[in-house]
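Got your viewer open? Load the model, pick a cartoon view, and let's walk through it one stop at a time.

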Amino acid sequence: MAAYSVSHHDVTDAFITQALACKQVVLFARDMGFSSVIIEGDSLAAIKKLNASNSDKSIISPIVHDIKVLARGFDNISFHFV
């Protein structure tokens with residue numbers, strides 16, 4: 001069991017905040033040494049972008065790209081809307 005907290009300053013868009021939170025979760029899982037993870041989030045749009053095979057031009061596309069690159073380091077990773 002573990003806990004993690006990060007503060008992001010000067011982020012004014014909730015969509016960006018959701019994407020940054022997901023990135024932090026992936027980084028945390030990697031740092032904890034997990035090889036298989038299920039990431040759950042409540043932003044349907046962000047989860048859809050993370051599961052999409054194509055890239056888009058949304059405001060969070062650079063963050064989504066970073067998450068997908070980090071995800072390559074896991075044996076199994078999935079993103080689910082809850």
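Before you colour anything, a word on the labels: helices (H or I, at least four residues) and strands (E, at least two) are DSSP runs, numbered from the N terminus. With that rule, the chain has three helices and two strands. Follow the ribbon along the sequence and you'll pass them in the pattern α-β-α-α-β. The radius of gyration of the chain is 12 Å, close to the 12 Å that the globule rule gives for 82 residues, so the chain is as compact as a globular protein of that length. (That radius is taken over C-alpha atoms, and the rule is 2.2 Å times the number of residues to the power 0.38.)

Some housekeeping: this is a predicted model, where local features need pLDDT of at least 70 and side-chain atom pairs count only at pLDDT 80 or more, while totals for chains, interfaces and linings use all residues. Residues are numbered from 1 along each chain as its sequence is written, and side-chain values use heavy atoms, with hydrogens and water left out.

**Stop one: the whole chain.** Zoom out. The C-alpha atoms fill a box of roughly 30 × 30 × 20 Å along the principal axes. Now switch on the surface: about 5,600 Å² is accessible, and 54% of that belongs to carbon and sulfur atoms (Shrake-Rupley method, 1.4 Å probe; for residues, only the protein chains shown count as cover). Of the 82 residues, 30% count as buried. Buried means under 20% relative accessible area, exposed over 50%, and partly exposed in between (1.4 Å probe, protein chains only).

**Stop two: before helix H1.** Select Ala3, in the segment ahead of helix H1 (14-31). Ala3 is exposed, at 73% relative accessible area. Measure across to Phe28: the two are 25 residues apart in sequence and 9.4 Å apart in space, C-alpha to C-alpha. Next, click Asp10, also in the segment before H1. Its phi is near 65°, a positive value in a residue other than glycine, and Asp10 is exposed at 80% relative accessibility.

**Stop three: the largest pocket.** Which residues line the largest pocket? Select Tyr4, Ser5, Val6, His8, Thr17, Ala21, Gln24, Val25 and Phe28. The space inside is about 150 Å³. A pocket here is an open set of points on a 1 Å grid over the protein atoms alone, where a 1.4 Å probe fits, with protein on both sides within 12 Å along at least five of seven lines; lining residues have an atom within 4 Å of a point. Colour the lining by class and you'll get five nonpolar, four polar and no charged residues.

**Stop four: Gln18 and Ser43.** Is Ser43 buried or exposed? Ser43, in the loop between strand S1 (36-41) and helix H2 (44-51), is buried at 13% relative accessible area. Leaving aside neighbours within four places in sequence, Ser43 is in contact (heavy atoms within 4.5 Å) with Phe15, Gln18 and Phe81. Hop to Gln18, in helix H1, which is partly exposed at 33%. Beyond four places in sequence, Gln18 touches Asp42 and Ser43. Gln18 and Ala46 sit 28 residues apart in sequence, with 7.3 Å between their C-alpha atoms.

**Last stop: Asp31.** Asp31 is in helix H1 and exposed at 56% relative accessibility. Draw a line to Asn54, 23 residues away along the chain: the C-alpha atoms are 27 Å apart.

How values were computed
Points joined across faces, edges and corners; volume = space filled by probe spheres on them. Nonpolar A, V, L, I, M, F, W, Y, C, P; charged D, E, K, R; others polar.
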